[in-house]
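This report walks through salt bridges, annotated domains, pockets and backbone details. Please keep the structure open while reading.

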Amino acid sequence: MVETQTIITDYKRLSGELRLKVLGLYKKANAGHIGCSLSCIDLLIAALIQQKRPQDSFLLSKGHAAAALYVALNHLGEISDEVLDTFYQDGTTLPAHPAPNKHAGIPFATGSLGHGLPIATGMAHASKLSEEDAISFVLMSDGETNEGTTWEAAHYAIQNQLDNLVVLVDKNGLQGFGNTTDVLGETATVAKWKAIGFDVFEADGHNPEALIETIEKVRLRKNGLPKIIIAHTIKGKGVSYMENRMEWHYLPMSDAQYETAKADVINAYFS
Amino acid sequence: MRKEFSAAIEKLALADESIVFITGDLGYNALENLQEKLGKRFINAGVAEQNMVGVAAGMAYKGYKVFCYSIAPFVVYRCLEQFRNDACLHNLPVFLVGNGGGYGYGIMGSTHHAIEDLACLSSLQNVKTWIPAFSDEVEPVLTQIVHEKHPAYLRLGVGPLTPEGAVLSGSLKKVVHTPNAQTAIIALGPIAANVLKALQEPELQTSCSVYTALSLPLQLTDATLQELQQAENILVVEEHVSIGGLGQQLSVKLLEAGIHPQRFQSLSALGYPNGLYGSQQYHQTQSGLDVKNIANVLRSFAESPLLHTNHPHS
């Protein structure tokens, strides 16, 4: 475990708490993007909350999961409860997708897919140029790996031996308008990323301990290869009626649905 | 201006270790000195312009000042969203450099032309676009870009040396000063050379002042506005489409300042009006940006009170 980080022993409880906060934010906002936020909560716990050191960077490339990022930064004390409470409101610094230049924990505005990996690659390369011991983390969706920039950046990272780049893929198998297998086919597979020259790892994206262990292992491998952790996740994880349902990328919750969602999370994470 | 450009970058980068130079796999017979001298700070990002600009933004966030080089159309259009979202919205020092702006790549064809670049880029947040008309402007412009540390675009072309006595005020550089001039000509970039050639005719020389617009968005000083107010005719000459170009930016500024010249005419890039292709000079002629048409338009100002259209040789 990295010494500068908060010691957390009960990741399951934290995962439940962050899920309840995400649900509360979306309910108050009467907005969608719930399922894709719930699928990456445990990745945020492992990478941003637990593994990121002060000199490291973390970029949420799948900007539509902004609420998950906001509650994680709130947990770290980088976004206050008062600011978090302004989510989605007029005059907020926390819009549906992360905004530029507003919070130290949000280095870049994201929301248009395919931007995060090139930026994180540049940050990793900058650290190499200045001989800084810093990891550049970037969290992408599996649908996002459809983007051509993914493959431009991947080859650049390989060519420049950026072994301080750690790509996390939230592989929930669903994208904007279909299953990833049905849209362009799988673009986030172990075989494809190995074939182009990445150091590839797989993990259960809802097991924070296992994710932390994997990241710990990955960050210590100074082998000249950029890293990718393909994390198998479930869209809407923790809420029975949202799990693996594409519509929960978009839909807001009714009052009754919100009550069910909270009960599901409490039952799954606090019992 | 490529040679002046690479010499200036070499000088600046050797003095400032935070400068990184990335090329999108172009620069043969122009950038070899940088490849040799800058070491790890010279990067060939391959034929992948979107990633090049995203990488540049990531590096800029970490404290570097990053140039991204390609030919103008490739570094403007393909990666416009990366420049907008990743560099400009964050006000990061990412500097696009496009060689051969306008019809500069001539017979290479329309994919290699950049005649809408300034409309695209000068409208973005926090950005300044630079359009040197003269080759000796490249080094001071680059020095300014590095000093300002804001997103920037530099459009390179081919130009002569700055005429003696030129004075910069705001965006406009007065390169020909004629007392009590009836006509003020404002040119964008190296097309200024055609304007200066047109003015070699003695009867035109005595009636025109000439300015070049070095940067956009256009900034006009009070002194320049007062000078423009004295002119009966204003002629804009730009190797760029009318929409979003110098003419439109200037006309808004003039109207906002309450200045209403008797004539305001804009000669601009018309695209490919006859669907045929040729050298830069060929395309300039098709758009009425050639020396002969510029001279004809200026002559007509003296001869006729009527407004003239943007068609060549009318």
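Is A:Asp199 buried or exposed? A:Asp199 is buried, because its relative accessible area is 9% and the cut-off for buried is under 20%. The model is a predicted one.

**Salt bridges**

A:Asp199 does not stand alone. Its side chain meets that of A:Arg221 in a salt bridge, at 2.8 Å from N to O. The two residues sit in distant parts of chain A, 22 residues apart. A:Asp199 belongs to strand β6 (residues 199-204). A:Arg221 lies in the loop between α10 (208-219) and β7 (227-232). The partners differ in burial: A:Asp199 is buried, whereas A:Arg221 is partly exposed, with a relative accessible area of 32%.

How many salt bridges does a search of the whole structure find over all chains? The search finds 23. Three of them are set out here.

| Pair | N to O distance | Sequence separation |
|---|---|---|
| A:Arg19 and A:Asp42 | 2.8 Å | 23 residues |
| A:Asp199 and A:Arg221 | 2.8 Å | 22 residues |
| B:Lys11 and B:Glu139 | 2.7 Å | 128 residues |

The pair A:Arg19 and A:Asp42 links two helices of chain A. A:Arg19 is in α1 (residues 11-29), and A:Asp42 is in α3 (residues 41-51). Both of these residues are buried.

In chain B, B:Lys11 pairs with B:Glu139. Again two helices are linked: B:Lys11 lies in α1 (residues 2-15) and B:Glu139 in α7 (residues 138-148). Here neither partner is buried. B:Lys11 is exposed, with a relative accessible area of 53%, and B:Glu139 is partly exposed, at 33%.

Salt bridges also join into a network in chain A. The residues linked there are A:Arg53, A:Asp56, A:Asp133 and A:Arg219.

**Annotated domains**

Both chains carry UniProt domain annotations from unreviewed entries. In chain A, UniProt assigns residues 18-262 to "domain: Transketolase N-terminal". That span is 40% helix and 13% strand. Its end C-alpha atoms are 11 Å apart.

In chain B, UniProt lists residues 1-164 as "domain: Transketolase-like pyrimidine-binding". This span is 38% helix and 18% strand, and its end C-alpha atoms lie 19 Å apart.

**Pockets**

Which residues lie closest to the centre of the largest pocket? They are B:Val158, B:Pro190, B:Glu239, B:Gln280 and B:Gln284, out of 27 residues in the lining. The space in this pocket is about 460 Å³. Three elements of chain B give two or more residues each to the lining: β6 (152-156), α8 (192-198) and α12 (280-286). The lining also draws on two domains of chain B, with at least three residues from each of domain 1 (2-156) and domain 2 (167-303). By class, the lining divides into 11 nonpolar, 11 polar and five charged residues.

The second largest pocket holds about 250 Å³ of space. Its lining has 19 residues. Nearest its centre are A:His64, A:Leu113, A:Ser141, A:Gly176 and A:His249. The class make-up of this lining is three nonpolar, 11 polar and five charged residues.

**Backbone details in chain B**

Where is B:Pro217 found? B:Pro217 is in the loop between β11 (215-216) and α10 (222-230) of chain B. A cis peptide bond joins B:Leu216 to B:Pro217, with omega about 0°.

Two residues that are not glycine have positive phi. For B:Asp25, phi is near 65°. B:Asp25 sits in the loop between β1 (19-23) and α2 (32-37) of chain B. At 40% relative accessibility, B:Asp25 counts as partly exposed. For B:Lys149, phi is about 60°. B:Lys149 sits in the loop between α7 and β6 of chain B. B:Lys149 is also partly exposed, with a relative accessible area of 45%.

B:Ala87 offers a buried position in a helix. B:Ala87 lies in α5 (residues 80-88) of chain B, and it counts as buried because its relative accessibility is 0%. From B:Ala87 to B:Thr212 the separation is 125 residues in sequence and 28 Å in space, C-alpha to C-alpha.

Note on methods:
Residues numbered from 1 in each chain as written. Chains lettered and ligands numbered in written order. Predicted model: local features only at pLDDT ≥ 70, side-chain atom pairs only at ≥ 80, totals over all residues. Heavy atoms only, no water. Salt bridge = Lys/Arg side-chain N within 4 Å of Asp/Glu carboxyl O. Helix = DSSP H or I, 4+ residues; strand = E, 2+ residues; numbered from the N terminus. Buried < 20%, exposed > 50% of the residue type's maximum accessible area, 1.4 Å probe, protein only. UniProt positions renumbered as here; feature names shortened; annotations may be inferred. 1 Å grid on protein atoms, 1.4 Å probe; cavity = no way out; pocket = protein on both sides within 12 Å on 5 of 7 lines; lining within 4 Å. Points joined across faces, edges and corners; volume = space filled by probe spheres on them. Nonpolar A, V, L, I, M, F, W, Y, C, P; charged D, E, K, R; others polar. Domains from an automatic or database assignment.
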